[in-house]
Amino acid sequence: MSQHTAHIEEHRDDEASKLGMWLFIFTELLLFGGLFLVYSIFRMQYPVEFRECSLELSVTIGAINTVVLLFSSMTVAMSMTAIQKNDMKKALLYIGVTLFCAAIFLVNKYFEWSGKFHHGLYPGSELMTHLDRGHHLYFSLYFFMTGLHALHIIIGMTLLFVCYFKVRKNTIHSQDYVLLENSALYWHLVDLIWIFLFPLMYLIS
Amino acid sequence: MANNTTHTIEYQSLSKTLLILLFLTFVTISIASVQLGAFTLAVALLIACVKSFIVLSHFMHLKYESLLLRILVAMVFVLFALIVAITFIDYAFR
């Protein structure tokens, strides 16, 4: 027996798993799309109330969070470039920076929300239930939409954490990086939603 | 065997994309303080659409994906536009 080379068939289809990720992203887009639709109908009915409530939000914090998310979207895309170029150190660095940005976003969100909570403004609070319909609707949508978005940030962070350790363990490398690619797609989705949330919630004139 | 066919986007091109997105964010914020009436919302939404197009095509590298995937993504947005249009027509005529 000589020259016996084992031929191992690898069952992998990166195109298919990427397509699967996109199909999931479609459902996410329609989930948030539905919420944006509810928002626009009520904003048409209560334009003055929505304007008044949006003044309660800090445009500065919103703008900082927008910049942070856009920047993190770039760094996660750069981690993909690094992996493709077989530069593990840079890939780890860029995933790390993305995670750091995500943490900054959540800390800002925490301060924003706890400020509202201190004024007695949270879903189901006494103040909330005594607001008139327009104000009540705005803040309900505000808490639900930004809350659901923040949940997506946490899920995205978890995925990127997993990718970080897999890159370190060398199970994600320049020949097999579809998990990082799909996690990056998810992270861009989070960014995409915020692109619409920011002007619609914070900048009403 | 090359299973991955994803196009590699250079660092420089990614940072240029970010600069454009940051500029558009700046425009969105500065326009909000100018009183343009109903126009303000239209402009804000238009800029948001341009920004999301840039994110989809560059960061999510749809620009380099297969035609099938690009059509699928476009169809989702067409579907959403239809849902919005039909809902608004419903509200306008009830």
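Here are three short exercises, with solutions, on a predicted model.

**Exercise 1.** Work out whether the distance between the ends of helix α4 of chain A agrees with its number of residues.

*Solution.* Start with the count: α4 of chain A covers residues 88-118, which makes 31 residues. At 1.5 Å a residue, the helix should span 45 Å. Now check the model: the end C-alpha atoms are 45 Å apart, so the two agree. Step just past the helix and you'll meet A:G120, which has a positive phi of about 80°.

**Exercise 2.** Find the buried residues of α4(A), then name helices that help cover them.

*Solution.* Go along the helix and pick out A:A91, A:Y94, A:I95, A:T98, A:C101, A:A102 and A:F105 as the buried ones. Next, look at what sits over them: the cover includes α3 (59-84), α6 (133-168) and α7 (178-202) of chain A.

**Exercise 3.** Describe how chain B is built, and then how it meets chain A.

*Solution.* First, the elements: chain B has three helices and zero strands. Its radius of gyration is 18 Å, well over the 12 Å that the globule rule gives for 94 residues, so chain B is more spread out than a compact globule. Its C-alpha trace spans about 60 × 35 × 10 Å along the principal axes, and 16% of its residues count as buried.

Now the contacts: 34 residues of chain B touch 35 residues of chain A. On chain B's side, the largest share, 11 residues, comes from α1(B). Sort that side by class and you get 20 nonpolar, 12 polar and two charged residues.

How values were computed
Residues numbered from 1 in each chain as written. Chains lettered and ligands numbered in written order. Predicted model: local features only at pLDDT ≥ 70, side-chain atom pairs only at ≥ 80, totals over all residues. Helix = DSSP H or I, 4+ residues; strand = E, 2+ residues; numbered from the N terminus. Expected span 1.5 Å × (residues − 1). Buried ≥ 20, exposed ≤ 12 C-beta atoms within 10 Å, placed from the backbone. Contact = placed C-beta atoms within 7 Å. Rg over C-alpha atoms; globule rule 2.2 N^0.38 Å. Nonpolar A, V, L, I, M, F, W, Y, C, P; charged D, E, K, R; others polar.
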